[in-house]
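Q: Could you take me through the salt bridges of this structure, and then through the parts that lie around them? I am new to it and would like one connected account.

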Amino acid sequence: MAAGIDEIITHNMISNKMLVKSNMADIPAVRIFNPLNQDQELMRPSMLPSMLQVTITNINRGQRELRLFEIGKRYFIDGEKETLAILLTGRRTHDWRFI
């Protein structure tokens, strides 16, 4: 935990369904040939679908005040890119810039 923000680590492979649910179906993604299952058919072009899935899981378990970050790779036809993703949910109890 750094500055009150918890690190998460999500899988690099996602399903096309996750992109659709995240309203990102139009983003080109690297497709895996012969994936082990449908949940791992694409290399993630965005970290948002995975972060939203973690958020949904936590909210369903009663955790609404979330401060999450992940440092990971996004994958494209022409390579990969290291990315920082931050997600904050819940009521603002104080200004996050002064944690």
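A: The account below begins with the salt bridges and then turns to a sheet, a histidine, the nonpolar cores and a surface patch.

This is a predicted model, in which local features need pLDDT of at least 70 and side-chain atom pairs count only at pLDDT 80 or more, while totals for chains, interfaces and linings use all residues. Residues are numbered from 1 along each chain as its sequence is written, and side-chain values use heavy atoms, with hydrogens and water left out.

Three salt bridges turn up when the whole structure is searched, a salt bridge being a side-chain nitrogen of Lys or Arg within 4 Å of a carboxyl oxygen of Asp or Glu. In one of them Glu 41 is joined to Arg 31, with 3.3 Å between the closest N and O atoms. This pair links distant parts of the chain, ten residues apart, since Arg 31 belongs to strand β3 (30–31) and Glu 41 to the loop between β3 and β4 (42–43); strands (E, at least two residues) and helices (H or I, at least four) are DSSP runs, numbered from the N terminus. Glu 41 counts as buried because its relative accessibility is 13%, whereas Arg 31, at 46%, counts as partly exposed; buried means under 20% relative accessible area, exposed over 50%, and partly exposed in between, with a 1.4 Å probe and protein chains only.

Another salt bridge is made by the side chains of Glu 70 and Arg 44, at 3.5 Å from N to O. Glu 70 lies in strand β5 (residues 67–76) and Arg 44 in the loop between β4 and α2 (48–60), so this pair ties together parts that are 26 residues apart in sequence. Both partners count as buried, Glu 70 at 2% relative accessibility and Arg 44 at 1%. Lys 73 and Glu 80 also form a salt bridge, their closest N and O atoms being 2.8 Å apart, and Lys 73 is partly exposed, with a relative accessible area of 31%.

Strands β3 and β4 also belong to an open sheet of three strands, which has the order β2-β4-β3 and antiparallel pairing. Its edge strands, each pairing on one side only, are β2 (13–14) and β3. Two strands pair if DSSP finds at least two bridges between them, and β2 and β4 pair over two bridges; Met 13 has Met 43 in β4 as its bridge partner.

His 11 is found in the loop between β1 (6–7) and β2, and it is partly exposed at a relative accessible area of 44%. Leaving aside neighbours within four places in sequence, His 11 is in contact (heavy atoms within 4.5 Å) with Gln 40, Arg 44 and Ser 50. From His 11 to Ser 50 the C-alpha distance is 7.6 Å, although the two are 39 residues apart in sequence.

The largest nonpolar core holds seven residues, namely Ile 8, Met 47, Met 51, Leu 66, Leu 68, Ala 85 and Leu 87, where a core is a set of buried Ala, Val, Leu, Ile, Met, Phe, Trp, Tyr and Cys residues joined through side-chain atoms within 4.5 Å. Beyond its neighbours within four places in sequence, Ala 85 is in contact with residues including Met 47, Phe 69 and Glu 70.

Finally, Leu 88 is found in strand β6 and is partly exposed, with a relative accessible area of 43%.
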